[in-house]
Amino acid sequence: MGMDLAAQPFNTLDRGRYRRKVQRCLDTLARMLTDGSFSFPRKNIGLEVELNLVDRELRPSMTNTAVLEALDDPSFTTELGQHNIELNVPPRPLAGDSALQLEDDLRAYLATAASKARDTGSSLAMIGILPTLKHEHFDQKWLTNKSRYSTLNDQIFAARGERTVLAMEGAPLPGQQPERLRSYAESILPEAACTSVQLHLQVAPEEFAAHWNAAQCLAGLQIALASNSPFLLGKALWHETRIPLFLQATDTRPEELKNQGVRPRVWFGERWITSIFDLFEENVRYFPGLLPETDVEDPIEALDAGQAPKLTELRMHNGTIWRWNRPVYDVVDGLPHLRVENRVLPAGPTVVDTVANAAFFYGAQRALAEAERPVWSQMSFQAAEENLYAGARRGFEAQLYWPGIGWIPPDELALRVLLPLAHEGLRRSDVSDEARERYLGIIERRCLARRTGATWQRDYVLRAQERGLDREAALTRMLGRYLELSESGEPVHTWQLSD
């Protein structure tokens, strides 16, 4: 999805050509996996952060073009909405003090971006969903002015044939009744409300399945420990409202296809895998092309010539299927490699929380992937999916399933089981003791405090309303305080409710 598209509309011949080319790419990938064509010198990690821009009144600021021009840095790029930008931090090895350097680098990047944004009258907000978004901000005119975004919007709406329906029931604020959202949108811009952190891990082909399965097992706990998206369109909804919102914003299925069991394009999956090929094959078998543009490369001819094929169509297709743990094929400096892309985490609240979330994921993922008896051999795939939705809906109040334990709150699961495993996984990855203790210590203290970005936002808004503010004013005041605390850099478990 990083590439732009031709401006002309697609036709039926394009779709047939694209389907054949995607299949040829898939055949090429199968051969590469069999032949051992992949480069794997070491486990590199990568990180992407999606950011919101807000104006002086803390409303969405549609200024990403001006901010990006002022930055003039290829590490920053556009996102779907004009109030979004994305930061791609350069990849690096996991070992040693790399996580400490990642924290410093991320802080420096964001400081530079914040400075440039201020020059345009905007500020950065690193948060899962901007609480001051209103229905008017989902108007199609606020799509970023690039053809790939407008084409994606048009193709999703053409496939569905009707408006986007936003419908969800929230986890109630303390002492309150559950709140319900019922709304519509005429564009896919509700997706732009979902700002996330994406974690990448480069893995050898023979290790991919274990790492992906482990990431699926971790997804529900990750969300429960790091939720930061509790409000949408003025309603208190899930602790991590990004999860249902992303599904609904990009759904190509009308109700009749949902009733038939047609799979959504925002997808947890349906089974444990034995190879990365399983995921790409499912993509090709189940999902029609949304952006059927082809290039001139014949991937098999490129492979026969000793080149790394780009597999452009397969990668484009993969970019329009939003798995919470996505397989990635990429070519860097002429060498092909594979990555697991973990997509469940929201942006924010702070830089140090972001790096702590990453350290926990990488450590726990490695420990689970290398366990003598894999945890996914002891639990159903459905249980892992149910954990995802339970963690997203209720945060620390959820009950998650874990083999050998049964149902357990997320904080207890982390403290008893996953944090010790994360420590061991980071040790095996040669992460320095200083980095390991710093970041996993933050996760531990977050569990003990039972404080995430979502719980802080929910508690602050409830307290502001009890003091006489209406919901809109409470959300605006909360966001202002959130930005102050986020900029201070202190981890979210230390945040107080006082102004």
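Which residue caps the N-terminal end of helix 8? I looked this up first and found Ser275, with a side-chain oxygen 3.0 Å from the backbone nitrogen of Phe277. I note that the model is predicted, that local features need pLDDT of at least 70 and side-chain atom pairs 80 or more, while totals for chains, interfaces and linings use all residues. Residues are numbered from 1 along each chain as its sequence is written, and side-chain values use heavy atoms, with hydrogens and water left out.

I then turned to the packing of helix 8 (residues 276–286); helices here are DSSP runs of H or I, at least four residues, and strands are runs of E, at least two, numbered from the N terminus. Helix 1 (residues 12–35) packs against helix 8 at about 170°, the axes being 11 Å apart, and the two are therefore roughly antiparallel (over 145 degrees). In the contact (heavy atoms within 4.5 Å) I listed, among others, Leu26 and Leu29 of helix 1 and Phe277 and Phe280 of helix 8.

Next I checked salt bridges, each a side-chain nitrogen of Lys or Arg within 4 Å of a carboxyl oxygen of Asp or Glu, and the count came to 40. Asp298 pairs with Arg24 at 3.0 Å between the closest N and O atoms, and this links the loop between helix 8 and helix 9 to helix 1, 274 residues apart.

Finally I compared accessibility, where buried means under 20% relative accessible area, exposed over 50% and partly exposed in between (1.4 Å probe, protein chains only). Asp298 is partly exposed at 21%, as is Arg24 at 33%, whereas Asp330 is buried at 17% and its salt-bridge partner Arg339 is buried at 16%.

Terms used. Polar contact = N/O pair within 3.5 Å; in protein donor to acceptor, adjacent residues only side chain to side chain. Axes fitted to C-alpha atoms, helices over the stretch in contact; angles between N-to-C directions. Parallel < 35°, antiparallel > 145°, perpendicular 65-115°, else oblique.
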